[in-house]
Amino acid sequence: MALNLIMLGPPGAGKGTQAERFAKGRGIPKISTGDILRDAVKAGTPLGLRAKAIMDRGELVSDDVMIGIIRERLDRADVAPGFILDGFPRTVAQAAALDTIMTGRDALIVVDIAVPEGELVRRLASRLICESCGLNFEGEAAARETCQRCGGKLKQRVDDNVAVVRERLRVYHRNTEPLIDYYRARPTFRSIDGAQPPEQVAAALVAAIDAVANQGSAA
Ligand code: AMP
């Protein structure tokens with residue numbers, strides 16, 4: 001059975017870090033729509049030029065554009081053993097389109113990483129990103145000056161300043177949190193506690209995903 005995963009959770013919940021780690025462990029691609037957009041901005045493509053101002057304000061790029069990106073990405077051969085989506089879907093329209101894209105494939109496993117609001121603002125305001133390779137640094141790791149993966153310089157994400165963080169959380173509550181209700185009734189939905197230390201979140205994620213995958217193969 002292919003491990004087709006999506007991670008829900010507010011900005012700052014640790015989705016990116018956890019998705020990266022899980023993807024490496026299982027040899028499946030991590031597909032982050034935020035990374036795809038940031039790469040497009042850096043490369044100055046038409047998509048990047050359109051997306052930049054929207055991202056800088058903490059708003060959402062249009063559903064049509066995002067659904068097109070994901071439809072194309074999930075057509076590639078490397079997703080045969082599965083994939084982990086980070087940052088998509090972010091609206092009910094995106095989730096509905098993803099269900100259509102998934103027709104005839106193994107079921108989606110949906111994991112929500114839940115973190116209290118106060119903790120999110122604290123985390124987001126102290127988060128750094130490598131300007132060369134895009135790796136995220138949080139908590140103690142954000143005290144570094146250079147990237148442990150590529151040696152690049154670390155800087156604050158443009159959309160991590162306090163006003164934009166508030167806007168991104170507002171957008172999350174309005175547009176993305178309803179996805180929990182969209183998926184909750186499915187037997188493949190799990191919610192885990194994202195306020196624990198990253199090691200424990202990683203263990204909870206593995207346990208939740210394996211439990212769902214095993215229930216699928218036992219059925
Ligand atoms: P992220 O790195 O996932 O926090 O994404 C950074 C920014 O990219 C978001 O604040 C949005 O502006 C944009 N973005 C990423 N994924 C999506 C999506 N699925 N739908 C709309 N906008 C997105």
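Colleague: What stands opposite Asp112 in E8?

Modeller: Ser191 does. This is a predicted model, in which local features need pLDDT of at least 70, side-chain atom pairs count only at pLDDT 80 or more, and totals for chains, interfaces and linings use all residues. Residues are numbered from 1 along each chain as its sequence is written, and side-chain values use heavy atoms, without hydrogens and water.

Colleague: What makes E4 and E8 a pair?

Modeller: Two strands pair if DSSP finds at least two bridges between them. E4 and strand E8 (residues 189-193) have 5 bridges, in the parallel sense, so the definition is met. Strands (E, at least two residues) and helices (H or I, at least four) are DSSP runs numbered from the N terminus.

Colleague: Which strand do 5 bridges join to E4 in parallel, besides E8?

Modeller: E1 is joined to E4 by 5 bridges and runs parallel; there, Leu5 has Ile109 in E4 as its bridge partner.

Colleague: Why is E4 called largely enclosed?

Modeller: Because 6 of its 7 residues are buried, which means under 20% relative accessible area, against over 50% for exposed and in between for partly exposed (1.4 Å probe, protein chains only).

Colleague: What makes a set of residues a nonpolar core?

Modeller: Its members are buried Ala, Val, Leu, Ile, Met, Phe, Trp, Tyr and Cys residues joined through side-chain atoms within 4.5 Å. The largest has 31 residues, and Leu98 and Tyr183 touch the most other members. H4 gives the most to this core, with 5 residues.

Colleague: Which residues is Tyr183 in contact with, leaving aside neighbours within four places in sequence?

Modeller: Among them are Ile6, Leu98, Val110 and Phe189, contact being heavy atoms within 4.5 Å.
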